[in-house]
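Student: I am new to this structure. Please take one part of it and go through that part closely, then show how it fits with the rest.

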Amino acid sequence: GRTGSGKTGLLLDRLSKEKDNLVVTTDPAVVYIEMYMARNNIPGRCVGIKNDGSIEVWSDVEGDLASDFQKIEMIKMGFNYCVAVREDGKACFSAYDKELEAEITSCLDGMNKKAISVTCDYSRIAIMFEDYSICLIDF
């Protein structure tokens, strides 16, 4: 489930005072932040879960990402996408590349298992289901 920490607020407050750092939010409704740490001087991308289970995205990429995600329990940020688990156990995928999003979403919609965990890297997502089976999707 979601976890929040007073340390996050303190870190964001400290970063807001340092001119070389980007402050992504000081909104107390954001209780979890996931960041993709890019290489080769590409800025990182962040996604946050708010108290109400909605999502906030901070990115250097123009476009729509996870705008329709609701009741999110867990989320992970990939390079140009994110993967999440809703409160009801549905795995969700969103990408700046809408063709990729449609393809992965179609695959996830065909799975009739309750997801309990997700993780990802550059072009792979892993989903663990309540029966402890794992689905790996490469793209």
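Tutor: A residue is called buried under 20% relative accessible area, exposed over 50%, and partly exposed in between. The model is a predicted one. By that scale M35 is partly exposed, because its relative accessible area is 41%. M35 is found in strand β1, which covers residues 30–36. Leaving out residues up to four places away in sequence, M35 touches R45, C46 and M77. The C-alpha atoms of M35 and V47 are separated by 6.5 Å, with the two residues 12 apart along the chain. C46, one of the residues that M35 touches, counts as buried because its relative accessibility is 4%.

The part to look at closely is helix α2, residues 98–109. Its 12 residues should span 16 Å at 1.5 Å a residue, and the end C-alpha atoms are 16 Å apart, so the two values agree. At the N-terminal end, D97 caps α2, with a side-chain oxygen 3.0 Å from the backbone nitrogen of E99.

Which residues of α2 are buried? They are L100, E101, I104 and L108. Seen down the axis of α2, these buried residues fall within an arc of 100°, so they line one face of the helix. An α-helix has 3.6 residues a turn, so residues three or four places apart point the same way. On the other side of α2, E99 and E103 are exposed.

The cover over the buried residues of α2 includes three strands: β6 (91–95), β8 (124–129) and β9 (134–138). Two residues of the helix, I104 and L108, are also among those that touch the most other members of the largest nonpolar core, together with F93, I125 and I127. That core has 17 residues. The elements giving two or more residues to this core are β5 (81–86), β6, α2, β7 (115–120), β8 and β9. Setting aside neighbours within four places in sequence, I127 is in contact with L108 of the helix, and also with A91, A115, S117, V118, S133, I134 and C135. A second, separate core has 15 residues, including A66, F69, I75 and A84.

The cysteines remain. With a disulfide taken as a pair of cysteine sulfur atoms within 2.5 Å, the count comes to zero. C92 is in no disulfide, and the nearest cysteine sulfur, that of C82, is 9.1 Å away. C92 is buried, because its relative accessible area is 11%.

How values were computed:
Residues numbered from 1 in each chain as written. Predicted model: local features only at pLDDT ≥ 70, side-chain atom pairs only at ≥ 80, totals over all residues. Heavy atoms only, no water. Buried < 20%, exposed > 50% of the residue type's maximum accessible area, 1.4 Å probe, protein only. Helix = DSSP H or I, 4+ residues; strand = E, 2+ residues; numbered from the N terminus. Expected span 1.5 Å × (residues − 1). Arc of directions from axis to C-beta. Contact = heavy atoms within 4.5 Å. Polar contact = N/O pair within 3.5 Å; in protein donor to acceptor, adjacent residues only side chain to side chain. Core = buried A, V, L, I, M, F, W, Y, C linked by side-chain atoms within 4.5 Å.
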